[in-house]
Amino acid sequence: MKKSGRGAWPYLFLTPAIVLFTLFLAVPIGYTVWLAMHRTKVSGLGLGRGARKEVFVGFDNFSAALSDPELWHGWLRVLGYGALVLVVMLGLALLFALLLDSARVRLARFSRIAIFLPYAVPGVAATLLWGFLYLPSLSPIKDVLDVDFLGASTVTYSMANVAVWGGTGFNMLVLYTTLRAIPRDLYEAARLDGASELQIALRVKIPILTPAIILTTVFSIIATIQVFTEPTTLRPLTNTISSTWSPLMKVYRDAFVTGDLYSAAATSIVIAAISLVLSFGFLRVVRNRAFGEG
């Protein structure tokens, strides 16, 4: 008997996804790598035909990016910012999820919507709203707290506040959804054994939540490394945020301010590589506890 042509149908259904993946992910990544390994060579005064040529430079752009102190200063600022955001945001998300899942919670639906709603606000709009609240001439907070929220020593905390306000709801929802999938029988058994709600949360819920906590942590690490909206939006309101405050801001400056696409491409690949190392490094450290792997 002849084989039917059904074996080709799965590939036909996959074709749109493959085309989109190729056009919008594979090709841009390949072009970025190509730019990162080239540079414009200027002959003479750079005037006339043939005065500017694109030449292959290998890994020279990567070496320049790795030896640029501005990039590493940006990484240090982002690491401090990220440590603050991750601890506060994920801590609040876990606390809210546990409170909403408790047996005596009231107005649970309203509370879920209220906590999640800031995540629905676009990042630029949220940063502008907080930015105007931070301005001494407009802020009602200034009348209560004598703090310069956009000062050199406080601007990192101000940006972290915007990120925590916007991101807590999403992480809370992920953790809360995981909690709702846990069989209620486990809680009833713990209560019959005399466990309090606090003991149930610490000894039953949090251990079961560990994989979800790790998942949200990985996503939050990636998002924190890519911080761009908050410092860029707040920058016109203060002179304490430089154009290279974060690594992505340096990429933007190199590409669209100074016009050095080649350096920007190399720096973006370095950022992506460091992001992968940090994310997979964190997963490797915690995978035994989260997934039972050695």
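Let me start with helix H5, residues 123–134, in what is a predicted model. At 1.5 Å a residue, its 12 residues should span 16 Å, and the C-alpha atoms at its ends are indeed 16 Å apart, so the expected and modelled values agree.

Which residues of H5 are buried? They are Ala 126, Thr 127, Trp 130, Gly 131 and Tyr 134, and because they cover an arc of only 135° around the axis, they sit on the same side of H5. The general background is that an α-helix has 3.6 residues a turn, so residues three or four places apart point the same way. As for what lies over these buried residues of H5, the cover includes helix H6, residues 155–180, and helix H9, residues 229–234.

Two of the buried residues of H5, Trp 130 and Tyr 134, also belong to an aromatic cluster, which they form with Phe 149 and Trp 165.

Staying with aromatic residues, the structure holds 11 aromatic pairs, and one of them joins Phe 59 and Phe 62, whose rings are 5.9 Å apart centre to centre with 45° between the planes, a tilted arrangement. Are these two residues buried or exposed? Phe 59 counts as exposed, at 58% relative accessibility, whereas Phe 62 has a relative accessible area of 14% and is therefore buried, the cut-off being under 20%.

A further tilted pair is that of Phe 228 and Tyr 252, with ring centres 5.7 Å apart and planes at 55°. Phe 228 lies in the loop between helix H8, residues 197–225, and H9, while Tyr 252 is in helix H10, residues 247–257, so this pair ties together parts that are 24 residues apart in sequence. Both residues are partly exposed, Phe 228 at 26% relative accessibility and Tyr 252 with a relative accessible area of 43%.

Let me now step back to the protein chain as a whole, which has 11 helices and two strands, arranged along the sequence in the pattern α-β-β-α-α-α-α-α-α-α-α-α-α. Its radius of gyration is 25 Å, well over the 19 Å that the globule rule gives for 294 residues, and so the chain is more spread out than a compact globule. The C-alpha trace spans about 85 × 85 × 35 Å along its principal axes.

Of the 294 residues, 36% count as buried, and the accessible surface of the chain comes to about 18,000 Å², with 68% of it belonging to carbon and sulfur atoms. Finally, among contacts with a separation of 6 or more, 65% are between residues 24 or more positions apart.

Methods:
Residues numbered from 1 in each chain as written. Predicted model: local features only at pLDDT ≥ 70, side-chain atom pairs only at ≥ 80, totals over all residues. Heavy atoms only, no water. Helix = DSSP H or I, 4+ residues; strand = E, 2+ residues; numbered from the N terminus. Expected span 1.5 Å × (residues − 1). Buried < 20%, exposed > 50% of the residue type's maximum accessible area, 1.4 Å probe, protein only. Arc of directions from axis to C-beta. Contact = heavy atoms within 4.5 Å. Rg over C-alpha atoms; globule rule 2.2 N^0.38 Å. Areas by Shrake-Rupley, 256 points an atom, 1.4 Å probe, with all protein chains shown as cover. Phe/Tyr/Trp six-rings, centres within 6.5 Å; stacked < 30°, edge-to-face > 60°.
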